[in-house]
Amino acid sequence: MTVKPLNLESAVIGFRNFEGREGAYNKAGMRSFAVFLNHETALDLQAQGWNVKFPKEHENADPDMGEKNPYLQVTVAYENFPPNVFLISGNNPPTRLEEQEVAMLDWAELETVDLVIRPYTWSVNGKTGVKAY
């Protein structure tokens with residue numbers, strides 16, 4: 001099956017690490033973020049082979065905190081196919097962010113995010129999947 005790029009408008013993103021800083025869940029230099037999905041979209045993408053994460057329910061969780069959405073971890077890589085990242089602020093023309101500038105997105109207050117996520121279909125030791133870039 002051919003997996004097409006994923007186009008998302010007005011998406012909500014989190015777990016931002018455009019800087020590539022080392023942390024408990026991240027190797028130094030690895031840039032990434034998560035895009036949160038509704039349940040229907042998450043199931044559809046999972047059926048296509050995308051590596052969708054479904055948060056586990058915790059019995060001690062505060063019910064007022066709401067339901068946790070499934071998400072897709074997206075890798076930001078500049079090696080082979082550098083991403084086009086544009087910042088649009090007010091009535092100003094879009095500003096293309098270079099590799100050394102994308103770290104500012106870790107702390108930016110983002111109102112909406114439009115994304116085109118490139119799939120990379122992989123196969124290792126008889127297992128297959130789709131990684132998001």
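Is Y133 buried, partly exposed or exposed? Select Y133 and you'll find a partly exposed residue, with a relative accessible area of 27%. Keep in mind as you click around that this is a predicted model.

**Stop 1: around Y133**

Stay on Y133 and bring up K131 as well. K131 lies over the face of the Y133 ring, 5.6 Å from the ring centre. Now add Y120, which is partly exposed at a relative accessible area of 45%. Y120 and Y133 make an edge-to-face aromatic pair, with 6.4 Å centre to centre and 85 degrees between the planes. Y120 sits in strand β8 (residues 119-124) and Y133 in the segment after β9 (127-132), so this pair ties together parts that are 13 residues apart in sequence.

**Stop 2: the F36 and Y71 rings**

The Y120 and Y133 pair belongs to a set: the structure holds five aromatic pairs. For another one, select F36 and Y71. Their rings are also described as edge-to-face, at 6.1 Å between centres and with 65 degrees between the planes. Colour by secondary structure here: F36 lies in strand β2 (residues 31-36) and Y71 in strand β4 (residues 71-76), so the pair ties together parts 35 residues apart in sequence. Switch on a surface and check the two partners. F36 counts as partly exposed at 26% relative accessibility, while Y71 is buried, with a relative accessible area of 18%; the cut-off for buried is under 20%. Then add F15 to the selection, and you have one aromatic cluster made of F15, F36 and Y71.

**Stop 3: the charged network**

Time to leave the rings. There are four salt bridges in the structure. Start at R21, which is partly exposed at 30% relative accessibility. R21 forms a salt bridge with D106, and the closest N and O atoms are 2.8 Å apart. That pair links distant parts of the chain: R21 is in the loop between β1 (6-17) and β2, D106 is in the loop between β6 (95-97) and β7 (113-117), and they are 85 residues apart. D106 counts as buried, at 6% relative accessibility.

Go back to R21 and show E19. Their side chains meet in a salt bridge too, at 3.7 Å from N to O. E19 is partly exposed, with a relative accessible area of 43%.

**Stop 4: R96 and E98**

Finish with R96 and E98, a salt bridge whose closest N and O atoms are 3.4 Å apart. R96 is partly exposed at 34% relative accessibility, and E98 is partly exposed at 35%. Before you close the viewer, select E19, R21 and D106 together: salt bridges that share partners join them into one network.

Definitions and conventions: Residues are numbered from 1 along each chain as its sequence is written. This is a predicted model: local features need pLDDT of at least 70, side-chain atom pairs count only at pLDDT 80 or more; totals for chains, interfaces and linings use all residues. Side-chain values use heavy atoms; hydrogens and water are left out. Rings of Phe, Tyr and Trp (its six-membered ring) pair if their centres lie within 6.5 Å; planes under 30 degrees apart count as stacked, over 60 as edge-to-face and the rest as tilted. Helices (H or I, at least four residues) and strands (E, at least two) are DSSP runs, numbered from the N terminus. Buried means under 20% relative accessible area, exposed over 50%, partly exposed in between (1.4 Å probe, protein chains only). A charge sits over a ring if NZ of Lys or CZ of Arg is within 6 Å of the ring centre and within 35 degrees of the ring normal.
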